[in-house]
Amino acid sequence: MPKCFSFTATKNRCLKSTFSSRGLRSTFTDLKDGTIMHCWVPKSKKPTRPDLVLIHGFGANSMWQWSETVRILSRHFNVYVPDLLFFGDSYTTRPERTESFQAQCVKRVMEANSVTKMSVVGLSYGGFVAYDFAAQFGDCVEKVVICCAGVCLEEKDLKEGLFAVSSVEDAANILLPQTAEQMRELIGYTFVKAPAKVLPSCLLTDFIDEMFTQYVEEKKELLLAIAKDRKLSDLPKITQPTLIVWGDQDKIFPLELGHRLRRHLGENAQMVVIKNAGHGFLYEKPKDFHKPLKAFLLGTTKTAPQDQI
């Protein structure tokens, strides 16, 4: 029997209206190779404003993840919010599952929208894509923000106990919940003060139905691809000014990975550690995130090599 009401679907409709009110419109780009990319783009691009790309992570769709950020930054930037492949309305029939391929697809969408210079912000899995984007297309990228993305992880870290799980398969079971109880587990990993126990199962199941039931196997393949044979020695050093943002109690990608990335990039990187926040600091501490983000992108303040807020 079909559901008569979906809170998640209703929220989606509200977010679409919100994005529209912030001057964005929904677009689809056919890359002519079996790949369709959905992206929110400016209704009217302002030539005096810099271009900014916000790249989401796993979990809720890009609107849920970037709604507040769009509200704050759309006054200062031409904002572009793509759906990565197998998220939202983007998909491909091609077999590639690497973050490198994701970055190439985002780049082609930007080219289709005549964007030649931009800054990129990547959240969690989106941080892997943003980092690869900056490495591949260095001349096009002005600044980079990496948010709680373990781009410096090595495959051996799983076996050596850095993470709460010992295999990518176990991680996929957490990051791609299919039951209300699994959703509660994911929320517990994501937030310091998790509200999972008080959320009714019907709401969690509704959220899963809207966000986690499509392209499950493809998303597992994306996770497998980021860890396979990964070594820090193979990671290129991007040259753009980079801001690294992390929650000090992150259980998905432990804070050590943020420090590892800062050491890898050297003086080119600044780091902000948000106190009493987990992987979901975008929701837990939005002001503590958006203040240094906005300052870094606009160049209005100089962040110390490591700040705690």
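## Exercises: pockets, core and loops

Leaving aside residues up to four places away along the chain, A172 is in contact (heavy atoms within 4.5 Å) with K220 and L223. This is a predicted model, so local features need pLDDT of at least 70, side-chain atom pairs count only at pLDDT 80 or more, and totals for chains, interfaces and linings use all residues. Numbering starts from 1 along each chain as its sequence is written, and side-chain values use heavy atoms, with hydrogens and water left out.

### Exercise 1: A172

Work out which helix holds A172, and whether A172 is buried or exposed.

*Solution.*
- Step one: find A172 in helix α6; helices are DSSP runs (H or I, at least four residues) and strands are E runs of at least two, numbered from the N terminus.
- Step two: check accessibility. A172 is at 5%, and buried means under 20% relative accessible area, exposed over 50% and partly exposed in between (1.4 Å probe, protein chains only). A172 therefore counts as buried.
- Step three: look along the chain. L222 is 50 residues from A172 in sequence, yet their C-alpha atoms are 9.7 Å apart.

### Exercise 2: the two pockets

Compare what lines the largest pocket with what lines the second largest pocket.

*Solution.*
- Step one: settle the term. On a 1 Å grid over the protein atoms alone, a pocket is an open set of points where a 1.4 Å probe fits, with protein on both sides within 12 Å along at least five of seven lines; lining residues have an atom within 4 Å of a point.
- Step two: take the volumes, meaning the space filled by probe spheres set on the points, which are joined across faces, edges and corners. The largest pocket has about 1,200 Å³, and the second largest pocket has about 410 Å³.
- Step three: find the centres. In the second largest pocket, N12, N61, G88, D89 and E210 are the closest to the centre out of 23 lining residues. In the largest pocket, 50 residues form the lining, and F58, G59, L186, T190 and F191 lie nearest the centre.
- Step four: sort the linings by class. Ala, Val, Leu, Ile, Met, Phe, Trp, Tyr, Cys and Pro count as nonpolar, Asp, Glu, Lys and Arg as charged, and the others, Gly among them, as polar. The largest pocket gets 37 nonpolar, 10 polar and 3 charged residues; the second largest gets 8 nonpolar, 9 polar and 6 charged.
- Step five: trace the elements. Those giving at least two residues to the largest pocket's lining include α1 (7-21), α2 (62-73) and α8 (201-211). For the second largest pocket, α1, β2 (35-42), α2 and α8 each give at least two, and α1 gives the most, with 4 residues.

### Exercise 3: the inward side of α8

List the buried residues of α8 and the helices they pack against.

*Solution.*
- Step one: pick out L204, D206, F207, I208 and M211, the buried residues of α8.
- Step two: follow their contacts, which lead to α1, α2, α7 and α9.

### Exercise 4: positive phi

Explain what stands out about the phi angles of K32 and F86, and place both residues.

*Solution.*
- Step one: recall the rule of thumb. Most residues other than glycine have a negative phi.
- Step two: read the angles. K32 has a positive phi of about 65°, and F86 one of about 75°; neither K32 nor F86 is a glycine.
- Step three: place K32. It sits in the loop between β1 and β2, which form a hairpin with 4 residues between them. The strands run antiparallel and are joined by 7 bridges (pairing takes at least two DSSP bridges), and T29 has M37 of β2 as its bridge partner.
- Step four: place F86 in the loop between β4 (78-82) and β5 (91-92).
- Step five: compare accessibility. K32 is exposed at 71%, whereas F86 is buried at 2%.

### Exercise 5: D51

Find which residues D51 touches beyond its neighbours in sequence.

*Solution.*
- Step one: locate D51 in strand β3 (residues 51-55), where D51 is buried at 7%.
- Step two: skip neighbours within four places, and the contacts are K45, N78, Y80, V115, K117, M118 and S119.
- Step three: take K117 from that list. Its C-alpha lies 6.8 Å from that of D51, though the two are 66 residues apart along the chain.
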